[in-house]
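Hi,

Here is the structure I promised to pass on. Have a look at it first, and my notes follow below.

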Amino acid sequence: MNDYLQNSTLRTLLKTLNIPVPVPPLLKRNLGAYTDDELSGKKVVVAGKENEFLHELQHAFHPLVNAATIYDEKIDGLVVSCVGMQTIEDLEDLYTTVKNTVAKIAANGRVVMVTRSDDNTALSYAVQKSVDGFSRALSKEIGGKKGVTVNLLKITNTQVSVTAVANAAFFFLSDKSSFITGQVVELGNAYGTSFPSPAKLLQDKTAIVTGGARGIGAAAARVLAREGAKVIIIDVPSSKEDAQKLAQEIGADVLLEDITDAKATEDIQRYVINNYKGLDILVNNAGITRDKTIAKMNIDQWRGVLNVNLKAVINLTETFIRKGFNEHAKVVSLSSISGIAGNVGQTNYSLTKAGVIGFTKAVASGNNKIFANAVAPGFIETKMTENLPFFVKEGGRRLSTLKQGGLPEDVAELIGFLASPLSDGINGECVRVCGGSMIGA
Ligand code: NAD
């Protein structure tokens, strides 16, 4: 990572000299394996609209956290249930809960809001929807100085269990989600799989990571292996050395394949079927950029990006849907905020990353008995972004709530969450990991 504003000597100097540069907060990250007491050291308040849902939510959190009240001096986490708020006046519960706690939230604290439209009057729908705006504004208001994150879990299906909500909140309250803020994540999926405990999250699972030799893919491979999965790293033959070194470190297999080759997908499918019981996790991570304005872009730059970033993603996923996926397999595909906002010089790239979001939604709703979600990173410090011009890099880093780029590990933790049963409520979504980037927000 080469963000000069993370350098401690320079940070101290800027502060001492009172130079008005927006120094980014230092983010607290927990990159260790999930444990059953992941959150037990955290003081968490679960508050909001008094009703049965709130009590069930408090009950679901009870064994996980060090329950606090709004009267505690410092709190690490705040879960605010807005479920059941139906009128404009009801929103005063939201105002009071947050107003009474916000100053007490510690550095790197986490706020998770929960909404659900219980009946379909226009008023109650508007009230629940209004919390989207509140949570986004709050994330900008309290995130920049202390690295506090604010995210909203929006229940779109009344059949979604409180356990599914608590499991998702578990991730957003943890220090594995430090670079995710200002997001509204929908929970619409009511069927869940079972898992023994967070400490055995991906035990006995088989996972593929394409482009796993370096960058975000390598970080994702490490997270999946850390949680107990057997990982198969796929990368191009020229990445052999990096891929084999990583494979040795995490006990993974390596398949040197260019995923755009016509026979690669079948080779990969055959390898999984012959060597394992089937595939549980597919991370479609391999991606390339060939940036040029459309007027200057040649057909190879157009085709190259479309073939790797979209065509190969669809081919590989559909090959395993036909044969090879185990029931309730999880597909996680890399999109980008460029696919949401568009970017100059990236018509080809933005097209593919928007296409990935569309494909993800289609697969999730296709009754394939598999989960599919996409991940949209903002500015992440990798080889792909290292060579960008200084001012483009600075814009990417600083035009965000957390005023810094993320690390491949931040994206990898989100991939790990979406590959795990903790995220069973979430299907067909695209979740941003962007530090609250203003781009496309
Ligand atoms: P990277 O260039 O560091 O790594 C990409 C990996 O994919 C490399 O190991 C490469 O060899 C492999 N790969 C490329 N073409 C391949 C092919 N045809 N077959 C097999 N493997 C192939 O990239 P990264 O920054 O780690 O990005 C990973 C993913 O995240 C990409 O899909 C990218 O578009 C997306 N993303 C990255 C950022 C960022 O800021 N770095 C932001 C948004 C989205």
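I started with helix 3 (residues 91-101), where Leu91, Leu94, Thr97, Val98 and Thr101 are buried. Buried here is under 20% relative accessible area, exposed is over 50%, and partly exposed lies in between (1.4 Å probe, protein chains only). Helices (H or I, at least four residues) and strands (E, at least two) are DSSP runs, numbered from the N terminus. The buried residues cover an arc of only 120 degrees around the axis, so they sit on the same side of helix 3; the arc is taken from the directions from the helix axis to the C-beta atoms. Glu92 and Lys99, on the other side of helix 3, are exposed.

A caveat: this is a predicted model, with local features needing pLDDT of at least 70 and side-chain atom pairs pLDDT 80 or more, while totals for chains, interfaces and linings use all residues. Residues are numbered from 1 along each chain as its sequence is written, and side-chain values use heavy atoms, with hydrogens and water left out.

What does the buried side of helix 3 pack against? Its partners are strand 1 (43-48), strand 3 (75-81), strand 4 (105-116) and helix 4 (122-146), with contact meaning heavy atoms within 4.5 Å. For helix 4, Leu91, Leu94 and Val98 of helix 3 meet Val127, Ser130, Val131, Phe134 and Leu138.

Elsewhere, Trp302 is in helix 9 (residues 299-322) and, at 28% relative accessibility, counts as partly exposed. Beyond its neighbours within four places in sequence, Trp302 touches Ile294, Met297, Asn348 and Leu351.

Cheers
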